[in-house]
Amino acid sequence: MAGPMKIREATPDDGAQLIAFFQRTPMSAGTAFVFDRGPDFFALLALRGSSRTFLLFDGDHLAGTATALWHATGSPGQEIVVGEVVDLRVADFARGTRAAWQLLGAVREAFSAAGVMWVSCLIGGENHVATALVHGRAGLPSLTMRRRYASVHYVACRPLRRTSRHWVVAQASPADTHVLGQLLSSTPSAWRGGAVEASAALDLTTRSTAWIARDSVGRPLGALRLWDGESVRRIRVLRYQPRDLPLRLFSRAAGMIGRGVALPPRGGVLRTWASRGFALVASNPDLVRALVCSTLHAAVDSGRHVVQINLDGNDPLLDMLPRFPRSTFWSTVFGAPFGSWSPDNHLSLTNSHADIALA
């Protein structure tokens, strides 16, 4: 390298350069993949709060990126500002240098300027390099493990539907927005997986869809809400692992007989629906199966490859999920107070990360 690397904040004009950089800088969650953030790199960030993205250059070559993302959370009068370190990428030629430290230093300064009170990051279970960065680097506090998440990836197929006289599962319409919001926010926390949002924020017309189970008189018993992020982020598979082979063979066979969608070839886009809420009014594995089954049938109809169910690692819903063909990936949220702020209850803050898998 000719000299010290230089860092600057990204502008809207850097979008094309960032999109290209992400397309050639892989991540690993077991299977190597890249994120395609075209056509607007900043669109996903805008959905999640305020942000500042930083670029690190070695001469004219982009060596790395990182984004400081923050948003307010908590009840009125008790809100805090939570910051997340996202989009940290370092080019192959810059690994082993101080690139990550320089980028994290810029993120730290952005958090300070924004009044962030709690800082966090999400790291995949197989991203061992990133895990080394949580221990008090670049002026950030030493982050501790707050919560583990499981992402259960179901291969899109048409499993056998079981009929029941006790409930009916149907896709929600915009008229169901209020019912869905109430169900996701008022059911017991023990049977509520994923993000909980105000009903006014629920969108069942563009990026979100949902299925609601009702009893014979129309009372809601459970719901599964899914998010389609394809317009702001696509997952391109660079390579599969040998352990992926059984699922690939299954999906190919299911696709050939019209009962599934074959997983994409290397370089293809993995079309995914990801859960944003899974609620039950009471424990009922058969009802969980019915909701998952309905979404998988719909995924095949829509040409999706995967339905991704995101749950807390201790969520009892995990044990109720049906054993349809699937793989499970684990990730961990790390977090700590930032600056001089000291929370009364650290653990309560992890609720704000229930939608973090969207990043």
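1. Let's start just past helix H6: Gly258 follows H6 and has a positive phi, near 80°. (Helices here are DSSP runs of H or I with at least four residues, strands are E runs of at least two, and both are numbered from the N terminus.)

2. A word on the source: this is a predicted model, where local features need pLDDT of at least 70, side-chain atom pairs count only at pLDDT 80 or more, and totals for chains, interfaces and linings use all residues. Residues are numbered from 1 along each chain as its sequence is written, and side-chain values use heavy atoms, with hydrogens and water left out.

3. Back to H6 itself, residues 245–256. Its 12 residues should span 16 Å at 1.5 Å a residue, and the end C-alpha atoms are 17 Å apart, which agrees. (The expected span is 1.5 Å times one less than the number of residues.)

4. Which residues of H6 are buried? Leu247, Ser251 and Ala254 are, buried meaning under 20% relative accessible area, exposed over 50% and partly exposed in between, with a 1.4 Å probe and protein chains only. The three buried residues cover an arc of only 65° around the axis, so they sit on the same side of H6. (The arc is taken from the directions from the helix axis to the C-beta atoms.) Pro246 and Met256, on the other side of H6, are exposed.

5. What covers those buried residues? The cover includes strand S8 (144–155) and strand S17 (326–337), with contact meaning heavy atoms within 4.5 Å.
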